[in-house]
Amino acid sequence: MMSIETMYTDRSLERLELPGADLRLAPGWLPADEADALFAQLRQDIPWECHRIRMFGREVDSPRLSSWIGDPEAVYTYSRTRFVPHPWPASLLPLRERLSGALGVAFNSVLANLYRDGRDRMGWHSDDEAELGPRPVIASVSLGATRRFSLKPRAGGASRHLDLPHGSLLVMAGDTQSAWRHALAGTARPVGARINLTFRCVLTSASG
């Protein structure tokens, strides 16, 4: 099997030291003007929804707006809810193609999250659903306000924190999802809106 090292062609990605993980960050992966334009366009183009998620045995509104987007067969189950993908908006297709070329992964889906202000957040979790396979490559593009992304080892230990600025690319691969959980905490500080795009490859009958 081709290693993740040889698949990457984008040399702006810097590997971060995280035991048991393959984590890479390029803070200015998208130029500021391109990131500005994409942020504004996606706020209009994406069909934002308030998903229902299961927490502590009951269903509640997710503390952010989201949209599951992808190829027709990229059906995904999260928090016991089955998501059929929305079609790709034209404004996302060039980014999908660029990421696939840079990382050597045929991404067929993306989870888009809109954090409207500091109160919107994402709880601790791993992207370890069966549809993603045992060692998924997840490409996370951040647009808008800088927010703090946290990781903590599943076996216990200290958390790590990363600030993800406008236009940044974070790639999680290898055993990252099996060894670590991640979250985006809320904040009382005044912060603007942020869009996060996590590109994934959902395993389908066609992909084996």
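**Exercise 1. Burial and overall form**

What percentage of the 208 residues in the protein do buried residues make up? Then judge the radius of gyration against that of a compact globule.

*Solution.*
- Start with the kind of model: it is predicted.
- Count burial. Buried residues are 53% of the 208 in the protein.
- Take the globule rule. For 208 residues it puts the radius of gyration near 17 Å.
- Compare. The protein has 16 Å, which agrees with a compact globule.
- Add the box. Along the principal axes, the C-alpha atoms fill roughly 40 × 40 × 35 Å.
- Check the contacts. Of those with a separation of 6 or more, 72% join residues 24 or more positions apart.

**Exercise 2. Surface and charge**

State how much area the protein exposes, and how far apart the centres of its charge sets lie.

*Solution.*
- The exposed area is about 10,100 Å². Carbon and sulfur atoms supply 54% of it.
- There are 25 positive and 23 negative side chains.
- The centres of these two sets lie 8 Å apart.

**Exercise 3. The nonpolar cores**

Describe the largest nonpolar core and the elements that build it.

*Solution.*
- Begin with the inventory: four helices and 15 strands.
- The largest nonpolar core has 35 residues. Leu-92, Leu-95, Leu-99, Leu-103, Leu-143, Leu-197 and Phe-199 touch the most other members.
- Two helices, α2 (32-45) and α3 (93-103), each give two or more residues to this core. So much for helices; the strands β5 (65-70), β8 (109-115), β10 (138-144), β13 (168-173) and β15 (194-200) do likewise.
- Follow one hub. Beyond four places in sequence, Leu-92 touches Leu-42, Ile-69, Val-110, Leu-197 and Phe-199.
- Another core, of 20 residues, lies apart from the largest one. Leu-16, Leu-25, Phe-149 and Leu-170 are among its residues.
- The general background: nonpolar side chains tend to be buried together in soluble globular proteins.

**Exercise 4. Two residues**

Is Leu-143 buried or exposed? Is Asp-71 buried or exposed?

*Solution.*
- Place Leu-143: strand β10.
- Its relative accessibility is 0%, so Leu-143 counts as buried.
- List its partners beyond four places in sequence. They include Leu-30, Ala-35, Leu-38, Phe-39, Leu-42, His-166 and Leu-197.
- Look along the chain. Gln-41 is 102 residues from Leu-143, yet their C-alpha atoms are separated by 11 Å.
- Place Asp-71: the loop between β5 and β6 (76-78).
- Apply the cut-off: buried means under 20% relative accessible area. Asp-71 has 16%, so Asp-71 is buried.
- Name its contacts beyond four places in sequence: Pro-85, Trp-88, Arg-96 and Asn-108.

Methods
Residues are numbered from 1 along each chain as its sequence is written. This is a predicted model: local features need pLDDT of at least 70, side-chain atom pairs count only at pLDDT 80 or more; totals for chains, interfaces and linings use all residues. Side-chain values use heavy atoms; hydrogens and water are left out. The radius of gyration is taken over C-alpha atoms; the globule rule is 2.2 Å times the number of residues to the power 0.38. Buried means under 20% relative accessible area, exposed over 50%, partly exposed in between (1.4 Å probe, protein chains only). Contact means heavy atoms within 4.5 Å. Accessible areas come from the Shrake-Rupley method with a 1.4 Å probe; for residues, only the protein chains shown count as cover. Lys and Arg count as positive and Asp and Glu as negative; His and the chain ends are not counted. The place of a charge is taken as NZ of Lys, CZ of Arg, CG of Asp or CD of Glu. A nonpolar core is a set of buried Ala, Val, Leu, Ile, Met, Phe, Trp, Tyr and Cys residues joined through side-chain atoms within 4.5 Å.
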